[in-house]
Amino acid sequence: DFYEKRGPDWDRLIREYPVDFVLLEFTRERLRPQDLVDHGYVLVWLTEGHSALMALEKHAAKLRQVAAKLPPTTIDPLDAKIPAKWWTK
């Protein structure tokens with residue numbers, strides 16, 4: 001219900017539990033960054049049209065620092081050697 005904003009109580013999760021951050025995936029969910037701003041969340045990063053990371057204000061600065069240091073991708077999805085690397089570890 002939370003990610004689909006289903007029903008009048010869709011935001012119960014973040015009202016009743018200490019949820020520090022929320023990952024949004026725009027192609028599968030109705031929830032958008034603006035829906036969380038009124039609940040005290042701020043935008044940490046946004047991949048336009050795809051995803052976002054929202055966090056409570058008290059965590060946002062640290063998460064922005066960490067996110068800025070991440071590589072643009074973790075693996076090359078077309079690298080044929082990926083399965084071989086899994087078996088050698």
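Within strand β3, Ala52 is the bridge partner of Leu24. Strands are here DSSP runs of E of at least two residues, and helices are runs of H or I of at least four residues, both numbered from the N terminus. The model is predicted, so that local features need pLDDT of at least 70 and side-chain atom pairs count only at pLDDT 80 or more, whereas totals for chains, interfaces and linings use all residues. Residues are numbered from 1 along each chain as its sequence is written, and side-chain values use heavy atoms, with hydrogens and water left out.

The pairing of β1 with β3 is antiparallel and runs over five bridges; two strands are taken to pair if DSSP finds at least two bridges between them. Strand β3 (residues 51–56) also pairs with β2 in the antiparallel sense, over six bridges. One of the residues of β3, Ser51, is the bridge partner of Thr47. Together the three strands form an open antiparallel sheet in the order β1-β3-β2. Its edge strands, each paired on one side only, are β1 (21–25) and β2 (41–47). From one strand to the next, the twist averages 20 degrees, with axes fitted as lines to C-alpha atoms (for helices over the stretch in contact) and angles running from 0 to 180 degrees between N-to-C directions. In general, the strands of a sheet pair through backbone hydrogen bonds, in a parallel or an antiparallel manner.

The side chains of β1 alternate: Val22 and Leu24 point to one face and are buried, while Phe21, Leu23 and Glu25 point to the other face and are not buried. Buried denotes a relative accessible area under 20%, exposed over 50%, and partly exposed in between, for a 1.4 Å probe and protein chains only. Val22 and Leu24 also belong to the largest nonpolar core, which has 13 residues; Phe2, Ile14, Leu31, Leu36 and Tyr41 are likewise among those with the most contacts inside it. Such a core is a set of buried Ala, Val, Leu, Ile, Met, Phe, Trp, Tyr and Cys residues joined through side-chain atoms within 4.5 Å. Strands β1 and β3 each supply at least two residues of this core, and the largest share, three residues, comes from β3. Apart from this core lies another, of five residues, including Val44, Leu53, Ala55 and Ala60. When residues up to four places away in sequence are not counted, Leu31 touches Phe2, Tyr3, Lys5, Trp10, Leu24, Phe26 and Leu36, contact being defined as heavy atoms within 4.5 Å.

Two aromatic pairs are present. Rings of Phe, Tyr and Trp (its six-membered ring) pair if their centres lie within 6.5 Å; planes under 30 degrees apart count as stacked, over 60 as edge-to-face and the rest as tilted. The ring centres of Phe2 and Tyr3 are 5.0 Å apart and their planes stand at 75 degrees, so this pair is edge-to-face. Phe2 and Trp10 form a tilted pair, with 5.9 Å from centre to centre and 35 degrees between the planes. Phe2 is buried because its relative accessible area is 9%, and Trp10 also counts as buried, at 15%, whereas Tyr3 is partly exposed, at 33%. Ring pairs thus link Phe2, Tyr3 and Trp10 into a cluster. Lys5 lies over the face of Trp10, at 5.7 Å from the ring centre; the criterion is NZ of Lys or CZ of Arg within 6 Å of the ring centre and within 35 degrees of the ring normal.
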